[in-house]
Amino acid sequence: MTKVLKLALLGPLQISIADEPLIGLDSGKARALLCYLVVNGRTHSRHALANLLWGELPESDARRNLRGVLLKLRKFVEPYLQISHQTVGLHPEAAVWVDTAVFQQHLGMGERKAHDWQTAVQLYRGEFLQEFYIRQAPDFDNWLQEQRSFFHNQAIVAHHAWASQLLADAAYSQGIAVARRLLTLEPTREASHRLLMVLLASDGQRTAALQQFEQCQQVLQAELRVAVSEETAVLHEQIRSGNYDQVTAITGRFGQDDKVTRPDNVTLSPGHQRLQNAVTQSPFIAGPPITKPNQFFGRERELKRLGMLLRQRPLQNAAIIGPRRSGKTSLLHYLRQANWLPQAQNYRWIFIDFQDARLGKQEALLRTLLAKMALDVPEPCHLETFLDVVSEHLNQPTVILFDEIGVALTRYPELDDAFWESLRSLATNQVDGNLGFVLSSAQPPDVLAQHQGMGSPFFNIFGYTAVLGPLSEEGARNLIATSPIKFAARDVDWILAESGRWPMPLQILCRERLLSLSEGEKGDDWREEALRQLEPLRRMTKNQ
């Protein structure tokens with residue numbers, strides 16, 4: 001067998017044989033199974049694979065579906081597979097090339113050289129199986145998320161190491177480009193900002209380096225509600241004063257045993273080690289939305305109402321309204337990830353964040369929706385062809401979660417009245433009640449639309465509006481109780497009073513109390529720092 005089957009999984013899926021794209025293997029489940037077999041590289045029982053891809057179906061139905069998928073794979077890639085009545089796997093002598101294996105080989109070399117880092121960086125086109133989704137396969141989805149997280153972290157290691165090598169080689173321009181890609185992978189990673197600052201300063205771009213420091217400050221404050229570290233502040237001062245001779249010592253270089261979770265390669269003192277251990281166990285999240293169901297508390301009343309709207313056909317529509325940092329986005333994430341609704345696994349939940357400017361283009365948004373619905377994307381993909389595909393093929397209950405709808409109305413002219421009217425018509429008249437919308441906004445959707453001069457009836461179909469306020473006392477106390485170190489009753493009462501039970505202040509105050517207990521502090525001095533941490537949030541609230 002001389003023709004090589006190639007799969008590129010780091011980014012959008014690409015499959016080729018003898019360097020010719022594989023045409024005709026259109027089944028999402030067939031492509032998913034092929035990717036799974038190639039990545040795992042071993043034989044699997046038919047029972048396990050049927051559960052992987054159709055775990056929600058009776059076993060007889062799942063096995064029948066698997067047989068159909070295997071027939072399709074035999075048609076296109078049979079020489080590369082070994083299929084028996086009981087097992088399925090790659091043929092042991094198959095000529096198969098997969099970018100994930102090559103990527104890991106270059107990261108795992110005994111003596112990692114510049115070429116290895118460069119190759120790994122070039123192979124990483126994007127997240128693992130980017131924008132790849134299949135229906136009703138929670139076990140496959142879990143595997144997919146694990147792979148994405150793993151390769152994302154490894155990509156950070158590779159980009160940082162390659163940019164550091166380019167810095168050492170005085171290839172500043174190329175290093176700057178790699179460091180900027182590194183920051184797109186993890187915008188809140190402070191070590192990446194420092195590395196880019198050093199590269200810019202070394203390249204004579206002192207002003208740009210100082211601007212990068214300001215950007216780092218803004219990102220950390222906006223996303224994590226924290227200040228820059230002392231290390232970053234010292235680097236900023238060195239660049240500002242023109243003392244570049246020591247800056248390369250601050251950036252950190254990845255050695256063979258470095259982990260992305262400790263990017264700065266700093267030896268911690270015992271006190272700081274205790275603190276780090278406490279932080280890694282902290283359940284309190286201040287800044288990013290809550291994305292893990294077990295860290296979400298409260299909103300029982302809203303969930304009960306939403307359940308009434310979504311457990312029957314036709315699916316009804318809801319708006320989640322509340323001020324900034326009131327937990328709107330966290331609630332949307334909970335809807336799509338938690339098993340909060342009877343037979344929630346039978347629903348398809350599609351999360352759309354309109355703060356992603358790419359989704360402000362109508363075609364990009366339509367393609368994203370179709371991909372997440374696991375429907376074919378027509379060429380060309382415009383509003384009419386999108387409506388045709390969805391109206392003909394959407395037969396699964398599907399809820400589209402529009403986060404920050406106000407951004408869509410104020411910034412994206414391509415999402416006009418005709419676009420919203422078409423979505424309304426699609427949901428109400430063309431898909432047998434299988435499509436519903438839940439959106440988040442600071443104001444009711446009809447009010448937002450009026451302010452923007454939009455008259456689309458889409459914004460009048462939201463029969464339920466959930467106005468988010470403080471958490472219930474029970475929900476707030478349940479959140480506080482997740483601390484790995486129990487808080488004293490007087491501290492709990494103080495936290496409840498000062499936070500007003502609003503989610504974000506509650507998380508910040510709990511975080512500060514846990515940090516103080518982790519450091520062995522006694523007394524109430526921690527409260528002063530905790531209130532100081534609340535100040536930016538209170539100023540933001542006053543300006544809303």
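# A guided tour of helix pairs and a small set of strands

Helices α4 and α5 are roughly antiparallel to each other, because the angle between them is about 155° and angles over 145 degrees count as such. The model on display is predicted; the tour begins with this pair.

**First stop: α4 and α5.** Select residues 99–107 for helix α4 and residues 114–123 for helix α5. Their axes lie 8 Å apart, and the crossing of the two helices is left-handed. Next, display the side chains at the contact. On the α4 side, choose D99, V102, F103, H106 and L107; on the α5 side, choose H115, D116, W117, T119, A120 and L123. Coloured by class, the residues of this contact of α4 with α5 divide into 6 nonpolar, 3 polar and 2 charged.

**Second stop: α1 and α3.** Move to helix α1, residues 28–40, and helix α3, residues 59–77. The axes of α1 and α3 come within 9 Å and cross at roughly 75°. That angle falls in the range 65 to 115 degrees, and α1 and α3 are therefore roughly perpendicular to each other. To see what forms the contact, select K29, A30, L33 and L34 in α1, together with L66, V69, L70, L73 and V77 in α3. How many nonpolar, polar and charged residues does the contact of α1 with α3 have? There are 8 nonpolar residues, no polar residues and 1 charged residue.

**Third stop: F76.** Remain on helix α3 and select F76, which is found in this helix. Which residues does F76 touch, leaving aside those up to four places away in sequence? The partners to display are I17, L22, I23, G24 and L25. For one of them, I23, a distance may be drawn: the C-alpha atoms of F76 and I23 are separated by 8.9 Å, although the two residues are 53 residues apart along the chain.

**Fourth stop: the strands.** Finally, switch to a cartoon view and find the open sheet, which is formed by 3 strands in the order β4-β6-β5 with antiparallel pairing. The edge strands are β4, residues 44–45, and β5, residues 81–83, each of which pairs on one side only. Then select β6, residues 87–90, which runs antiparallel to β4 and is joined to β4 by 2 bridges. To close the tour, centre the view on S45, which stands opposite T87 in β6.

Technical notes
Residues are numbered from 1 along each chain as its sequence is written. This is a predicted model: local features need pLDDT of at least 70, side-chain atom pairs count only at pLDDT 80 or more; totals for chains, interfaces and linings use all residues. Side-chain values use heavy atoms; hydrogens and water are left out. Two strands pair if DSSP finds at least two bridges between them. Helices (H or I, at least four residues) and strands (E, at least two) are DSSP runs, numbered from the N terminus. Axes are lines fitted to C-alpha atoms, for helices over the stretch in contact, and angles run from 0 to 180 degrees between N-to-C directions. Angles under 35 degrees count as roughly parallel, over 145 as roughly antiparallel, 65 to 115 as roughly perpendicular and the rest as oblique. Contact means heavy atoms within 4.5 Å. Ala, Val, Leu, Ile, Met, Phe, Trp, Tyr, Cys and Pro count as nonpolar, Asp, Glu, Lys and Arg as charged, and the others, Gly among them, as polar. A crossing is left-handed if the near helix is turned anticlockwise from the far one by less than a right angle, and right-handed if clockwise.
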